[in-house]
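Colleague: Could you take me through one part of this model, the charged side chains and the salt bridges between them? I would love a close look.

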Amino acid sequence: MASCINSTLNNLLGSYKKWIVANPQLLTDIEATVRCLSYFSFGQFRDSTLAVELIYSMPNLIVFCNDLLMYSSKRQHLKIPQFDSKIKIWLTVVEYTETLLEVSAKKLWGPKGKWLIIVIVQLFKAVLRLLSIHMYKERITKSPATPPLNREKFNKVINGVNDDVVSKEGFMLKRSGTVIRSVKYSVPIKTRTWKALPSIIDENKNLRNEQKQKSERNLKLAESLYVTKPLLHLGCMYVTSQNHWPPWILSLIIDITSLKILTRCASKALFSKEEEEELVRRRLSLLLYILRSPFYDKYSRNKINTLLDTLSTSVPLAKYLASAVKKNLPYMQSTYFYMWSR
């Protein structure tokens, strides 16, 4: 009986894999529809925090699972480190569901259970991220740890029509994905040199190595600060209080210090496009400090409400959007902005 059920499930999973690989655009459209429905249903279930978080988490998990299935069906053709790393996969799942876990713990065990889950989740995330930094040499941790798969580019590579790979200068081996330069477009024989290249003694090599090691140490320090910030914030909150200034100021100092070190190392570290995008996201996230207590309670709440009222009365058709934001902002502020990990 069990073997029959397993066989049926495997057949269904295999059929589903074939379907998502064959219909990536249709799959993306369905996922976008589900995500839009989750946004529209936010106001309908505002009184049930568990339903809200479940509806919000499901689209992200569905997209992530589909990406994993799509990649696993074609992983022999293309290697993407994020999808091969179990640490990144676990981090992504936890990031998508941490608020749902907190709300569920509060429903089951009250405020103490919620804060216990918060401590466990943040400790789990910090340990995995520190492992990524110090053992797997990841310079900047991303959020989410596994970004959504670029399906259009992925399918082009699988089908062998990627402009970056298929060019007149070379071709890609199907099994290993290695790009081989074509002999046809090599340098003419008359202009080739068959002599061994002269050895060049770099007098500044030791100095550059020292600078590189110093830059790497600074990067690890900055990223370790950023990764441990939620734990430091929780500790400071435990000593003082959730709505007092010390946790807010401590987190802001850590964010600014980390960004300053990373910016200073940017010219030497040669960050990738993804790492640059993560730095931009972190700089923009500093604006969220105006929505975090106690700054929100003392300064920004009244000003934001006044701004929304002004927009609803002076801008045509802005009334509906402004009223929806004003109605849902207290819930969002109390649910998403008391933790410094998001």
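Modeller: Happy to; here is a walk through the salt bridges, with helix α9 at the centre. This is a predicted model, in which local features need pLDDT of at least 70 and side-chain atom pairs count only at pLDDT 80 or more, while totals for chains, interfaces and linings use all residues. Residues are numbered from 1 along each chain as its sequence is written, and side-chain values use heavy atoms, with hydrogens and water left out.

A salt bridge here is a side-chain nitrogen of Lys or Arg within 4 Å of a carboxyl oxygen of Asp or Glu, and the count comes to ten. Let's begin with Arg282, whose salt bridge to Glu223 has its closest N and O atoms 2.6 Å apart. That pair links distant parts of the chain, with Arg282 in helix α9 (residues 273-285) and Glu223 in helix α7, 59 residues apart. Helices are DSSP runs (H or I, at least four residues), numbered from the N terminus. Both Arg282 and Glu223 are buried; buried means under 20% relative accessible area, exposed over 50% and partly exposed in between (1.4 Å probe, protein chains only).

Also in α9, Glu278 and Arg281 are three residues apart, which means about one helical turn separates them. Their side chains meet in a salt bridge at 2.8 Å, N to O. Glu278 is buried, at 5% relative accessible area, whereas Arg281 is partly exposed at 32%. Salt bridges with shared partners join Glu223, Glu278, Arg281 and Arg282 into one network.

Elsewhere, Lys125 forms a salt bridge with Glu98, the closest N and O atoms being 3.0 Å apart, and both residues, Lys125 and Glu98, are buried.

Technical notes. Helix = DSSP H or I, 4+ residues; strand = E, 2+ residues; numbered from the N terminus.
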